[in-house]
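User: Please take a close look at a single strand and describe its surroundings. I am a first-year student, so explain the terms as you go.

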Amino acid sequence: MPITINGSGTITPTSAVQPAGSILQVSTLVTNTTEDTTTSATLEDTNLTASIANVASGSKVIVFASHPFKCTRGDDNAGGGFALVRGSTVILAPQEDSGMGPTEYRLLRDGGGSNTWYAGRWNIAYLDASPGTGTVTYKTQFAVSAASSSGTMIINDDGDVSGKSWMYMMEVAG
C-alpha cells in the first residue's frame, strides 16, 4: 500500500481502506496490582477491565491479558480457572472437569493431601472475530475448581505470587 509522509512526520496511507490484517490501533495498557480473592466455584469479576474505542465495522480485536495467581485448598485438588468476557458475554470460558468447577489449563493438583496449593500465571491472546463497533469493553473473571475445604484463588497475591495483572487490545482490519 502506498503511503505518504506529511509535513508533521505522520505516516498517512494514500488509501482510506487498510488491507485485511492491518493493525488499526493498539489500546492503552491497563495494569492492576491490587490483590483480589475468590472462594466461589461460580465465575465472578476480577479487578481487571479494559476498553478499546472506535472499533470499526468488520474489524477484529486481539485481546492480550495476564494474571499471576495462586490456588489453595485444605484438601487435594487445588485449582481454578479464568474467563474472558466482552461486555456481559463470556467469549472464552474455562475448561471444567466433571463434578468440579473451572480447571482452566489444568490448574489443578490432584493427590496433594491436605493444604495443597498451585501457583502460576494465566496468559491469553484471543482473537475476537465479532467484537461489535464503537467502544468495546473486556474483563476477566475467575473461580475456584472446588469451594469446599476452603478453596481459594488469589490474583496479584501480595505474598507468594506478587505481580501485575495486565490487559491490552489491538484492532485488526477485517
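Analyst: Two strands pair if DSSP finds at least two bridges between them. Strands themselves are DSSP runs (E, at least two residues), numbered from the N terminus. The model is predicted, so local features need pLDDT of at least 70 and side-chain atom pairs count only at pLDDT 80 or more, while totals for chains, interfaces and linings use all residues. Residues are numbered from 1 along each chain as its sequence is written, and side-chain values use heavy atoms, with hydrogens and water left out.

The strand chosen here is S8, residues 78-86. S8 runs antiparallel to strand S12 (residues 134-144), and seven bridges join the two. One of the partners in S12 is Ala143, which bridges to Gly81. S8 also pairs with strand S9 (residues 89-92), again in the antiparallel sense, over three bridges. There, Thr89 of S9 stands opposite Arg86. S8 and S9 form a hairpin with two residues between them, and Gly87 in the turn has a positive phi of about 65°.

Next comes burial (buried: under 20% relative accessible area, with a 1.4 Å probe and protein chains only). Nine of the nine residues of S8 are buried. In a regular strand the side chains alternate between the two faces of the sheet. Ala78, Gly80, Phe82, Leu84 and Arg86 are on one side of S8, Gly79, Gly81, Ala83 and Val85 are on the other, and both faces are covered.

Methods:
Buried means under 20% relative accessible area, exposed over 50%, partly exposed in between (1.4 Å probe, protein chains only). Helices (H or I, at least four residues) and strands (E, at least two) are DSSP runs, numbered from the N terminus.
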